[in-house]
Amino acid sequence: MSIVLSGMRPTGRLHIGHYFGAIQNWVYLQDKYECYYFVADWHALTTNYEDTSNIKKYSREMVIDFFASGLSLDKSNIFIQSKNPYHAELFLILSMITPISWLERCPTYKEMKSELGKVGKQLSNFGFLGYPVLMASDILLYNAEYVPVGIDQQAHLELTRETARHFNNIFEDDVFNLPQPLITKNPKLPGIDGRKMSKSYNNAIWLDEDLDSVKKKILTMKTDTNRKRRTDPGNPFICPVFDYHRVFSTEEEKNLIIDGCKNAKIGCIDCKKILLKHLLEFLSDFQEKRRVISNNYRDFDLDDIISKGQEKACDRARKMIDIVRKVIKF
Ligand code: TRP
Ligand code: SF4
């Protein structure tokens with residue numbers, strides 16, 4: 001069976017963008033493939049090296065969120081990156097063969113460095129530059145065939161393929177398969193200000209957010225700015241609220257909104273109320289599931305909860321490292 005692998009960084013609470021942009025797809029894939037999903041805590045360290053106090057807490061919360069979303073220990077291998085020592089080992093080996101220019105050229109490197117630089121975060125550390133090498137190690141360590149990621153990670157996947165090719169070339173062996181990205185096709189969920197949903201923009205809807213707070217956020221959410229009065233016609237296709245309708249509302253509702261918005265037959269508040277009905281239902285359902293799961297696991301260590309996936313991942317990784325060590329004649 002083909003191997004699917006993906007990871008997520010435990011840098012904070014999860015928002016609905018994480019759910020609809022990634023985890024929902026992971027859940028779908030776990031019935032079709034041999035899946036490895038991990039908490040990328042080493043990767044969290046690349047940007048959060050100064051304050052590591054919450055990484056462990058967020059890792060646990062993340063796994064509980066995975067369960068509440070429908071990921072199951074019986075179907076998926078869930079594990080923590082840093083608890084499998086072979087990720088760091090392959091990272092070291094691959095870092096020996098990766099040209100620095102590949103890393104400096106990486107668009108996510110340049111972008112994040114300048115974005116986070118603006119909020120005072122210094123990212124001229126070696127580990128951050130090496131982020132894609134660590135990610136390549138995560139993927140190649142399992143010879144994953146498919147890697148479900150958002151479009152923002154496509155460059156990293158390309159770099160992983162380059163690295164695999166480069167290694168195979170240097171050592172004249174077919175050690176690594178070239179992994180394929182599975183770009184999540186879900187429509188995007190922007191933040192409430194219309195920009196990309198992100199913790200640092202303070203525009204996210206959190207999966208564990210209080211429902212009254214969500215209501216307030218949606219009712220003040222940015223709409224088509226040309227629609228100043230109720231009588232102004234609007235354009236749903238440039239309105240961030242409509243992006244949410246694409247995810248949450250029925251065909252019938254969407255058609256009603258397109259017509260109502262373009263011809264000024266419904267107001268933005270009515271439009272948002274239709275969305276709220278679905279969104280609040282989704283969130284209260286999720287939060288209820290999460291509460292039950294979180295209670296059930298209250299007295300367990302995270303390591304014990306996911307020990308089965310952790311072991312399986314380590315076993316598989318060890319086999320790969322044995323091959324790699326042999327190929328590089330160590
Ligand atoms: N870089 C990914 C992100 O920020 C997280 C990640 C780390 C990952 N290692 C991975 C994703 C391996 C897929 C495969 O979203
Ligand atoms: Fe946006 Fe809905 Fe208002 Fe149209 S009616 S501008 S889609 S919020």
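**Figure 1. Ser-2 and its company at the start of the chain.** Leaving out neighbours within four places in sequence, Ser-2 is in contact with Tyr-33, Glu-34, Glu-145 and Tyr-146. This is a predicted model, so take each close-up as a look at a prediction. With Glu-145, there is a polar contact too: the two side chains come to 3.4 Å. As for where we are along the chain, Ser-2 sits in the segment before strand S1, which covers 3-8.

**Figure 2. Ser-69 in helix H3.** Here we move to helix H3, which spans residues 55-69 and includes Ser-69. Is Ser-69 buried or exposed? Ser-69 counts as buried, because its relative accessibility is 10% and the cut-off for buried is under 20%. A polar atom of the Ser-69 side chain lies 2.7 Å from the backbone oxygen of Asp-65. Setting aside residues up to four places away in sequence, Ser-69 also touches Tyr-19, Ile-23, Val-27 and Phe-286.

**Figure 3. Ile-78 and the residues packed around it in strand S3.** Strand S3 runs over residues 76-80, and Ile-78 is part of it. With a relative accessibility of 0%, Ile-78 counts as buried. What does Ile-78 touch, once residues up to four places away in sequence are set aside? The list holds Tyr-37, Val-63, Phe-66, Phe-67, Leu-71 and Leu-73, along with Ile-306, Gly-309 and Gln-310. For a sense of how the chain folds back, try Arg-316: Ile-78 and Arg-316 are 238 residues apart in sequence, yet their C-alpha atoms are 13 Å apart in space.

**Figure 4. Asn-202 and its positive phi.** Most residues other than glycine have a negative phi. Asn-202 goes the other way: it is not a glycine, but its phi is positive, at about 60 degrees. You can find Asn-202 in the loop between strand S5 (180-183) and helix H10 (211-219). Asn-202 is exposed, because its relative accessible area is 70% and exposed means over 50%.

**Figure 5. Lys-329, after helix H15.** What sign does the phi of Lys-329 have? Although Lys-329 is not a glycine, its phi is positive, at about 60 degrees. Lys-329 lies in the segment that follows helix H15, itself made of residues 307-327. At 75% relative accessibility, Lys-329 counts as exposed.

**Figure 6. Stepping back to the chain that holds these close-ups.** How many helices and strands does the chain have? There are 15 helices and five strands. Along the principal axes, the C-alpha atoms fill a box of roughly 75 × 45 × 40 Å. The radius of gyration is 22 Å, which agrees with a compact globule, because 330 residues in such a globule would give a value near 20 Å. Of the 330 residues, 51% count as buried. Among contacts with a separation of 6 or more, 78% join residues 24 or more positions apart.

**Figure 7. The surface and charges of the chain.** The accessible surface adds up to about 16,800 Å², and 51% of that belongs to carbon and sulfur atoms. How many positive and negative side chains are there? The chain has 47 positive and 43 negative ones, and the centres of the two sets lie 5 Å apart.

Note on methods: Residues are numbered from 1 along each chain as its sequence is written. Chains are lettered from A and ligands numbered from 1 in the order in which they are written. This is a predicted model: local features need pLDDT of at least 70, side-chain atom pairs count only at pLDDT 80 or more; totals for chains, interfaces and linings use all residues. Side-chain values use heavy atoms; hydrogens and water are left out. Helices (H or I, at least four residues) and strands (E, at least two) are DSSP runs, numbered from the N terminus. The radius of gyration is taken over C-alpha atoms; the globule rule is 2.2 Å times the number of residues to the power 0.38. Buried means under 20% relative accessible area, exposed over 50%, partly exposed in between (1.4 Å probe, protein chains only). Contact means heavy atoms within 4.5 Å. Accessible areas come from the Shrake-Rupley method with a 1.4 Å probe; for residues, only the protein chains shown count as cover. Lys and Arg count as positive and Asp and Glu as negative; His and the chain ends are not counted. The place of a charge is taken as NZ of Lys, CZ of Arg, CG of Asp or CD of Glu. A polar contact is a pair of N or O atoms within 3.5 Å; within protein, one must be able to donate a hydrogen and the other to accept it, and residues adjacent in sequence count only if both atoms are side-chain atoms.
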